Amino acid sequence: QTVSPFLEPGPRTKPNSLAVLQLSRDNFVPVYLQQASGEHDGYVEGAVINTRYGSFPHSTLLNVPWGSQVRASKVDTGSRGRKRKWQLDEEAGRATSEPIEDEKETGNGAGEENGDGDEGKQLVTDTSGFIHVLPPTPEIWTTSLPHRTQVVYTPDASYILHRIRARPGSTLIEAGAGSGSFTHASARAVYNGSLVKGKRPGKVFSFEFHEERYHKMKKELSDHALDGIVQLTHRDVYKDGFLVDGKSPEADAVFLDLPAPWEALPLLSRQRPQLREGEAGEAGANPWVSPLHPKKSVFICTFSPCVEQVTRTVSTLRHLGWVDIEMVEIANRKLHTARDRVGLYLPVDRGVNSSAKDIEEAITKLTEIEERFRENARPKQPADGSEPAKVASKAATNGKTSVDEAALKYPWLDGRLVTRGEPEIKTHTSYLVFAVLPMVWTAEDEATALARYPIGN
Ligand code: SAM
């Protein structure tokens, strides 16, 4: 089975696989890269991605190292039905004309590495736009995925996965799947590499009761080659619990992003849940099978937007024997830090490698700027015609300033670091409730432990 590009992307982009195009810092577009078919009116064009930064034929994005910057190509997509000059020449039996100036190969690194000779006829002049080709990761997917619900963003997902101890080989139950944001993060967390005998493979059992969302997500998991590690079930977990094909997933980690987590908790017990009010028969499977790992402590997180939901969840957790119950809110703040550039840079190494001329020029410029500042700071002539107050200016009497003196005096000339909080923070603030259901310690476990670690020896 193909390994998901989310788990093992390999060194380069591949045909028929997911890549993420980064158009600008926060603008990502997921794309399935297609090999050009060669069927378009005699010249190979294949699929083209059109963005505000230019057009990018898939051929320029294929087989390039992840992270590559690819320049835009001017692609005449409107002329598919039209013949190109070189085609008309060929048909008329004339020697094939050189591709006209705007039909020359772009010469960007990606096109050359592609090594597909036919492509030379479809790519035309470079334009100034470019994009970066990135491997799909849960973090990028979360910011670019088609939203069908509220999603769990990376600051929450990473903290949750850490607290519920999701690690290679873990078995995680998740409900509801929603848009699959958390699912992708959890799949990577539990992935245990290529299977070695005796190694737990790591698995996510995901549940979603909304039929359309279930089908969309099912397709997405298969497109992303994650269907081997994530098993999605169409299910109302409040009613029908968490067994899969009647068997226990034996989960050691649980994440509930549901409107009423307390409704699902009784079915995440080790013992048969008590009947709920109004329930006629026995709750859950018969005979009762717990979906939890029988020989491990289980770590849970529930994700709820309001504190009333938290209160009900905490009370149910207490009632069902969960311990170490704690609520956390992630107050994520994204900071934007940039160097504030003020139009003049000192020679970077302050003269170590700069020529005498460079330094001389920098000092002259600094002195000019300094003079302009002094001019601006000088008190204006008061309206009553009296003398303006004297400004003591050491620099004024010193003549020229050295580069180091100027840099000390005006640190912003080197480009000052400016940090601002970003107003738009992509995180859906919710309260996270964590708890642990300890493993049940039997007399047999005690005997095994004593045999392995005898007391007094
Ligand atoms: N964690 C998801 C993500 O990161 O994309 C988002 C989950 S969304 C907020 C909640 C989902 O729970 C919805 O898709 C909803 O259909 C599903 N859901 C609600 N009640 C459910 C139930 N009883 N059984 C299964 N799924 C349920």
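1. Let's start just past helix H9, at Gly321. In this predicted model, Gly321 takes a positive phi of about 90°. Keep that spot in mind as you look back along the helix before it.

2. Now for H9 itself, which covers residues 307-319. Does its length make sense? Its 13 residues, at 1.5 Å a residue, should span 18 Å, and the end C-alpha atoms are 18 Å apart, so the two values agree.

3. Which residues of H9 are buried? They are Gln309, Thr313 and Leu317. These three cover an arc of only 65° around the axis, which means that they sit on the same side of H9. A helix rule helps here: an α-helix has 3.6 residues a turn, so residues three or four places apart point the same way.

4. Turn the helix around and you meet its other face. Pointing away from the buried side are the exposed residues Val307, Glu308, Ser315, Arg318 and His319. The cover over the buried residues includes helix H8 (261-264) and strands E11 (298-304), E12 (323-329) and E15 (431-437).

5. Next, have a look at the ligand. It is surrounded by 23 residues, and the closest are Gly176, Gly178, Ser181, Phe209 and His210. Helix H5 (181-190), strand E8 (203-208) and helix H7 (237-240) each give two or more residues to this shell. By class, the shell holds 10 nonpolar, eight polar and five charged residues.

6. Finally, find strands E1 (residues 18-24) and E2 (residues 27-32), which run antiparallel and are joined by six bridges. They form a hairpin with two residues between them. Try tracing one pair yourself: Ser24 has Asn27 in E2 as its bridge partner.

How values were computed:
Residues numbered from 1 in each chain as written. Predicted model: local features only at pLDDT ≥ 70, side-chain atom pairs only at ≥ 80, totals over all residues. Helix = DSSP H or I, 4+ residues; strand = E, 2+ residues; numbered from the N terminus. Expected span 1.5 Å × (residues − 1). Buried ≥ 20, exposed ≤ 12 C-beta atoms within 10 Å, placed from the backbone. Arc of directions from axis to C-beta. Contact = placed C-beta atoms within 7 Å. Near = placed C-beta within 6 Å. Nonpolar A, V, L, I, M, F, W, Y, C, P; charged D, E, K, R; others polar. Pairing = 2+ DSSP bridges.
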